[in-house]
Amino acid sequence: MRRRFPAPDERGSKLGDMNDLSSLPPLHQVPIALADRSYLIDIGHGLLDIPPDYALPQGSSALVVSNETVAPLYLERLKKSLAPHYRQVFSVLLPDGEAHKTWESLNLIFDALLSLGCDRKTVLFALGGGVVGDMTGFAAASFMRGVPFVQVPTTLLAQVDSSVGGKTAINHPLGKNMIGAFYQPQRVICDLQTLDTLPERELSAGLAEVIKYGPIADMAFLDWIEQNMDALRARDSGALAHAVGRSCEIKAHVVGQDERESGLRAILNFGHTFGHAIEAGMGYGVWLHGEAVGCGMVMATRLSMRLGLVNSDFLQRITTLVERAGLPVQAPVLDASDNGARYLSLMRMDKKSESGEIKFVLIDGHGQAMVRGAPDTVVSEVIAASCGL
């Protein structure tokens, strides 16, 4: 299955000249076109200060779901902004980190909803990174068979990827994001000022999900990322605004065509088949999701090269860019006795696998992606090379 992303002029980008960051609008809105489930992604500075006339889902009450790290920074500010919109604004805090993306943490949300007397008129707000967003969305999809929710992502990774598109889930010890639902938010509010407090490691993790959009869809964007990597890591506001905006535009286009990942949307998993194996094999939270995806992109590009789809220069280009983002490029050894078999076993649990055959997102020429299998022998060689064995 080969997928080519439409050329930039077909996308109708509204971000203006990529090389003129001063031309970026103060508020950029990206629409997700999904018929009656359509919504807007708002991107700008100071958006947590939601004005009373701002269009939010109607309801009698709101429950803000956050975590122990983000809440001290932004919870009270968001609750104050929501107060004119809802008669009651509640909150619940989850433990922070991928290791807590579990049934136990999910039940904390249900416990709060039930103990507070929440009902179908309650709107959930996910204030945090990808873990908070995924669990809040899953809770919203499940509570009373579905209540509205709004994503308020506070990490770069969540703003450019996990908050957009309605994929919600928790992890299982045998596989990442294996239990969940497709359930769209009614709005995504990306306040770029929240990136100012993001730890350096989390910023780098988010850059992995920015980088992925270039090789699979938009080589001009890849060129821009290379030229602006130093500015991105220095948290230049214009560079970050452009990176978030362009990433959301690309993802919105893909999700609008393939909401439930039956075809085109699978290309957004570039680097994730290897990356999810790393996360599960090491234990969730040892490497951040973006760190595993960054290394996984290098491994997927190496596999693309071994299959004759790209050359060694392109592999070096992706490796260098991932490394410049502050991400690991050498894969960890998951099993000293049979590392290749361990990786293969974990990757067969990937959601793209079919009848035990592992499917990979591969680069099929610059700016193009395809989803296909590969011989285990070739994959094992790639794993060995990637782990330095």
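In strand β7 of this predicted model, F149 is the bridge partner of L124. That contact belongs to a wider pairing, in which β6 and strand β7 (residues 149-153) run in the parallel sense over five bridges. To pass from β6 to β7, the chain goes through helix α4 (residues 130-142), and this β-α-β crossover is right-handed.

Strand β6 also pairs with strand β4 (residues 61-67), again in parallel and joined by five bridges, and here S61 stands opposite T122 of β6. The strand is mostly covered, since seven of its seven residues are buried.

Aromatic rings add another view of the model, where the count comes to five aromatic pairs. A pair of aromatic rings is described by the distance of the centres and the angle of the planes. Two of the pairs are set out here.

| Pair | Arrangement | Centre to centre | Between the planes |
|---|---|---|---|
| Y86 and F125 | edge-to-face | 5.9 Å | 70° |
| F221 and W224 | stacked | 5.9 Å | 20° |

The pair of Y86 and F125 links distant parts of the chain, for Y86 lies in the loop between α2 (71-82) and β5 (88-94), while F125 lies in strand β6 (residues 122-128), 39 residues apart. Y86 counts as buried because its relative accessibility is 3%, and F125, with a relative accessible area of 0%, is buried too.

F221 and W224, by contrast, both lie in helix α8 (residues 219-233), three residues apart, which is about one turn of the helix, and both of them are buried.

A ring also takes part in a contact with a lysine: K212 lies over the face of Y213, at 5.2 Å from the ring centre.

Note on methods. Residues numbered from 1 in each chain as written. Predicted model: local features only at pLDDT ≥ 70, side-chain atom pairs only at ≥ 80, totals over all residues. Heavy atoms only, no water. Phe/Tyr/Trp six-rings, centres within 6.5 Å; stacked < 30°, edge-to-face > 60°. Helix = DSSP H or I, 4+ residues; strand = E, 2+ residues; numbered from the N terminus. Buried < 20%, exposed > 50% of the residue type's maximum accessible area, 1.4 Å probe, protein only. Lys NZ or Arg CZ within 6 Å of the ring centre and 35° of its normal. Pairing = 2+ DSSP bridges. Right-handed = clockwise from strand over helix to strand, strands pointing away.
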